[in-house]
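Q: Please take a close look at a single part of this structure. A connected account is preferred to a list.
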Amino acid sequence: MARERYYVLKDGDGWKVRHNDKDTPYDTQAEAMEAARDAAHKMHDSGTDSQVLVQGSDGQWQTEWTYGNDPYPPAG
């Protein structure tokens, strides 16, 4: 089963959460991270694996939360 992914991304002077090619704006990274984690957690509670990926201001991926199956070691 595929995971639902929520991306927290810098967007000009603010931040956004991208999910299924839809962007929702937030004033701060903390607000965007909280919204993404809440949405991913609710998705998992409804039976779908989900993941939050956070990109820093420098464009580097910083943090990841996975809700549900996260096999280790990853395939490939």
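How many bridges join strand E2 (residues 14–19) to E3, and do the two run parallel or antiparallel?

A: Five bridges join E2 to E3, and the two strands run antiparallel. The model is predicted, so local features need pLDDT of at least 70 and side-chain atom pairs count only at pLDDT 80 or more, while totals for chains, interfaces and linings use all residues. Residues are numbered from 1 along each chain as its sequence is written, and side-chain values use heavy atoms, with hydrogens and water left out. Strands (E, at least two residues) and helices (H or I, at least four) are DSSP runs numbered from the N terminus; two strands pair if DSSP finds at least two bridges between them.

Within the E2–E3 pair, arginine 18 stands opposite aspartate 23 in E3. The pair belongs to an open, mixed sheet of five strands in the order E3-E2-E1-E4-E5. E3 (22–26) and E5 (61–67) are at the edges with a single partner strand each, so one side of each has no neighbour in the sheet. On average, neighbouring strands are turned by 20° against each other, direction ignored.

Helix H1 (residues 29–45) lies across E1 (4–11), E2, E3, E4 (50–55) and E5, and runs at about 165° to E4. Such angles run from 0 to 180 degrees between N-to-C directions of lines fitted to C-alpha atoms, for helices over the stretch in contact; contact means heavy atoms within 4.5 Å. At 1.5 Å a residue, the 17 residues of H1 should span 24 Å, which agrees with the 24 Å between its end C-alpha atoms; the expected span is 1.5 Å times one less than the number of residues.

Ala32, Met33, Ala36 and Ala40 are the buried residues of H1 (under 20% relative accessible area with a 1.4 Å probe, protein chains only; exposed is over 50%, partly exposed in between). They cover an arc of only 95° around the axis, which puts them on the same side of H1; the arc is that of the directions from the helix axis to the C-beta atoms. Their cover includes E1, E2, E3, E4 and E5. The face of H1 turned away from this side carries exposed Ala30, Lys42 and Asp45.

The largest nonpolar core has 11 residues, among them Trp15, Val17 and Met33. Such a core is a set of buried Ala, Val, Leu, Ile, Met, Phe, Trp, Tyr and Cys residues joined through side-chain atoms within 4.5 Å. E1, E2, H1 and E4 each supply at least two of its residues, and H1 gives the largest share, four.
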